[in-house]
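Take a walk through this fold, strand by strand. Keep the sequence beside the model as you read.

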Amino acid sequence: VDMFTVGWDENRAPNQVQVLDMKGTVVAAFEANQCANGSLQVSNLPSGMYIVKGNWDDAERVSRVIVQ
């Protein structure tokens with residue numbers, strides 16, 4: 001998988017999206033201009049399960065993703 005897509009309200013993209021490994025280490029981070037369309041480049045990550053965390057000014061959304 002080279003990239004995956006995360007969904008959010010088009011009018012309210014997150015300030016930052018972080019991809020964490022299962023130990024909680026940030027392995028990739030995307031600023032607002034890099035993730036505005038919801039597509040995140042993950043081709044450099046090895047296969048495994050990851051936590052994707054979107055951060056807004058007033059909220060946080062967390063999901064699990066499997067990269068194969």
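Begin at the hairpin of S2 and S3, where five residues lie between the strands. Gly-24 takes a positive phi near 95° there. This is a predicted model, in which local features need pLDDT of at least 70, side-chain atom pairs count only at pLDDT 80 or more, and totals for chains, interfaces and linings use all residues. Residues are numbered from 1 along each chain as its sequence is written, and side-chain values use heavy atoms, with hydrogens and water left out.

The two arms of this hairpin are strand S2, residues 16–20, and strand S3, residues 26–31. Strands here are DSSP runs of E with at least two residues, helices are runs of H or I with at least four, and both are numbered from the N terminus. S2 and S3 pair in the antiparallel sense over five bridges. Two strands count as paired if DSSP finds at least two bridges between them. Within this pair, Val-17 stands opposite Phe-30 of S3.

Met-22 sits in the loop between S2 and S3. Its relative accessible area is 48%, so Met-22 is partly exposed. The cut-offs are under 20% for buried, over 50% for exposed, and in between for partly exposed, with a 1.4 Å probe and protein chains only. Met-22 joins Met-49 and Ile-66 in a nonpolar surface patch. Together the three have about 300 Å² of accessible area. Areas come from the Shrake-Rupley method with a 1.4 Å probe, and for residues only the protein chains shown count as cover. Patch members have over 30% relative accessible area and no salt bridge; nonpolar side chains (Val, Leu, Ile, Met, Phe, Trp, Tyr) are joined within 5 Å, like charges within 9 Å. A salt bridge would be a side-chain nitrogen of Lys or Arg within 4 Å of a carboxyl oxygen of Asp or Glu.

Now turn to the other hairpin, formed by S5 and S6 with four residues between them. Strand S5 covers residues 48–55 and strand S6 covers residues 60–67. They run antiparallel and are joined by eight bridges. Follow the partners along S5. Gly-48 stands opposite Val-67. Val-52 has Ser-63 as its bridge partner. Lys-53 is matched with Val-62.

What links the two hairpins? S2 and S5 pair in the antiparallel sense, over five bridges. Gln-16 stands opposite Asn-55 of S5. The result is an open sheet of four strands, in the order S3-S2-S5-S6, with antiparallel pairing. S3 and S6 stand at the edges with a single partner strand each, so one side of each has no neighbour in the sheet. Neighbouring strands of this sheet are turned by 20° against each other on average, direction ignored. Such angles are taken between lines fitted to C-alpha atoms. In general, strands of a sheet pair through backbone hydrogen bonds, either parallel or antiparallel.

Next, look at single residues in the sheet. Gln-18 is found in S2. Is Gln-18 buried or exposed? At 16% relative accessibility, Gln-18 counts as buried. Leaving aside neighbours within four places in sequence, Gln-18 is in contact (heavy atoms within 4.5 Å) with residues including Val-26, Ala-28, Ile-51, Val-52 and Asn-55.

Two residues of S6 can be set beside residues of S2. Val-65 has its place in S6. Val-65 is buried because its relative accessibility is 17%. Val-65 and Val-19 are 46 residues apart in sequence, yet 9.2 Å apart in space, C-alpha to C-alpha. Arg-61 also belongs to S6. Arg-61 is partly exposed, with a relative accessible area of 44%. From Arg-61 to Val-17 the C-alpha distance is 9.4 Å, across 44 residues of sequence.

The helix comes next. Cys-35 lies in helix H1, which spans residues 32–35. At 0% relative accessibility, Cys-35 is buried. Its C-alpha atom is separated by 9.2 Å from that of Thr-5, 30 residues away along the chain.

Finally, step back to the whole chain. Its secondary structure comes to one helix and six strands. Along the sequence they follow the pattern β-β-β-α-β-β-β. Of the 68 residues, 34% count as buried. The chain exposes about 4500 Å², and carbon and sulfur atoms supply 45% of that. Among contacts between residues at least 6 apart in sequence, 50% join residues at least 24 apart.

Definitions and conventions: Axes are lines fitted to C-alpha atoms, for helices over the stretch in contact, and angles run from 0 to 180 degrees between N-to-C directions.
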